[in-house]
Amino acid sequence: MARFDLYASIHKALRSFMADTLGAVGRMDVDDAAERDATLQQLRSLLDALEHHAQIEDEFIHAAMQARRPGSAEETGAEHERQRAALRELRRQADEVDGAAGAPRAVAAHALYQHLSLSVAENLAHMHEEETVDNAVLWAEFTDDELAAIHDRIVASIDAQEMAQVIRWMAPSLTPYERSTLFGALQAKAPAEVFHRLLEVARPHLAPRDWNKLVFGIAAVPLAA
Ligand SMILES: [Fe+2]
């Protein structure tokens, strides 16, 4: 029987957000001010999301791991420190693209792209470590009810704007079953207007086939319960 996985859905969202942003930075026309601004804005919100994600893991997950099995979150916590340094450097490089002009701007944009590519690679490897090594600790030390309680505390700590951003990337990244389960939980726990707003956030990013499956899936949730 599958165990409660704290990482699976949010990591799918972050993988999509990273891949999309890496592609956007790679194709960015640095001489088109509107495109440059939009791309760097997406990059900066990705960097904010990655920083906050690591902070949430430190606060809610690593602290719990350390409490049950001292030392078990040290390696992954140290990796977050290295990530923070990389995120700071990526911010500085984005500012450099903003501040440069002409040929130096194109050079700065390529350097930013190369570093972002490496950081994405490191982050993908790090997330795999969390989903295997760290999950093994969590599954050995906690029941699924305890992990669900940690998940509820994490969700409660996220404000409305950030939740919309999470849903924007998470919704198109999940399987139809996972997507229906996510929205079924939102339907059950969130106020109706919040639930409907988040559905509208997701809709433009779903293929018609996936949207239809979602509408059918959430309608079926109460029947299946
Ligand atoms: Fe992490």
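In this predicted model, the axes of helices α3 and α4 come within 10 Å and cross at roughly 160 degrees. With angles over 145 degrees counting as roughly antiparallel, that makes α3 roughly antiparallel to α4. The crossing of the two helices, α3 and α4, is left-handed. Helix α4 also has α2 for company: the axes of α2 and α4 come within 12 Å, and the crossing angle is roughly 25 degrees. Here the cut-off is under 35 degrees, so α2 and α4 count as roughly parallel to each other. The crossing of α2 and α4 is left-handed.

Next comes the metal site. The iron ion takes its protein donors from Glu57 (OE), His80 (NE2), His126 (NE2) and Glu130 (OE), and these lie 1.9 to 2.3 Å away from the ion. Along the chain, the donors are spaced as E-x22-H-x45-H-x3-E. Two of them, His80 and Glu130, link distant parts of the chain: His80 sits in helix α3 (residues 74–99) and Glu130 in helix α4 (residues 102–141), with their positions 50 residues apart in the numbering. His80 and Glu130 are both buried. As for geometry, the angles subtended by the four donor atoms around the iron ion run from 78 to 164 degrees. A tetrahedral label would need all angles to lie between 85 and 135 degrees, so with that spread the arrangement comes out as irregular.

Turning to charge pairs, side chains of opposite charge can pair when their charged atoms come close. A search of the whole structure turns up 17 salt bridges. One of them brings together the side chains of Glu178 and Lys12, at 2.9 Å from N to O. This pair links distant parts of the chain, with Glu178 in helix α7 (residues 176–189) and Lys12 in helix α1 (residues 8–27), 166 residues apart. Neither end is assigned to the buried class: Glu178 is partly exposed, at 28% relative accessible area, and Lys12 is also partly exposed, at 26%.

Another salt bridge joins Asp58 and Arg84, whose closest N and O atoms are 2.6 Å apart. Asp58 lies in helix α2 (residues 33–68) and Arg84 in helix α3, so this pair ties together parts that are 26 residues apart in sequence. The two partners fall on either side of the 20% cut-off for burial. Asp58 has a relative accessible area of 25% and is partly exposed, while Arg84, at 18%, is buried.

Helix α3 has a more local pair as well. Arg92 forms a salt bridge with Glu89, with 2.9 Å between the closest N and O atoms. Arg92 and Glu89 are three residues apart in helix α3, so about one helical turn separates them. Both ends are partly exposed, Arg92 having a relative accessibility of 41% and Glu89 a relative accessible area of 29%. Beyond these pairs, Arg44, Asp95 and Asp98 are linked in a network of salt bridges.

A few individual positions round out the picture. Ala24 lies in helix α1 and is buried, with a relative accessible area of 12%. Ala24 and Thr39 are 15 residues apart in sequence, and their C-alpha atoms are 6.4 Å apart in space. Over in helix α2 is Glu59, a partly exposed residue with a relative accessible area of 47%. The C-alpha atoms of Glu59 and Ile154 are separated by 9.2 Å, the two residues being 95 residues apart along the chain. Finally, Met127 is found in helix α4. Its relative accessible area is 1%, so Met127 is buried. From Met127 to Ala63 the C-alpha to C-alpha distance is 18 Å, with their positions 64 residues apart in sequence.

Conventions: Residues numbered from 1 in each chain as written. Predicted model: local features only at pLDDT ≥ 70, side-chain atom pairs only at ≥ 80, totals over all residues. Heavy atoms only, no water. Donors = N, O, S within 2.8 Å, 3.2 Å for Na, K, Ca; no water. Tetrahedral: all angles 85-135°; square planar, octahedral: opposite > 155°, others 65-115°. Helix = DSSP H or I, 4+ residues; strand = E, 2+ residues; numbered from the N terminus. Buried < 20%, exposed > 50% of the residue type's maximum accessible area, 1.4 Å probe, protein only. Salt bridge = Lys/Arg side-chain N within 4 Å of Asp/Glu carboxyl O. Axes fitted to C-alpha atoms, helices over the stretch in contact; angles between N-to-C directions. Parallel < 35°, antiparallel > 145°, perpendicular 65-115°, else oblique. Left-handed = near helix turned anticlockwise from the far one by under 90°.
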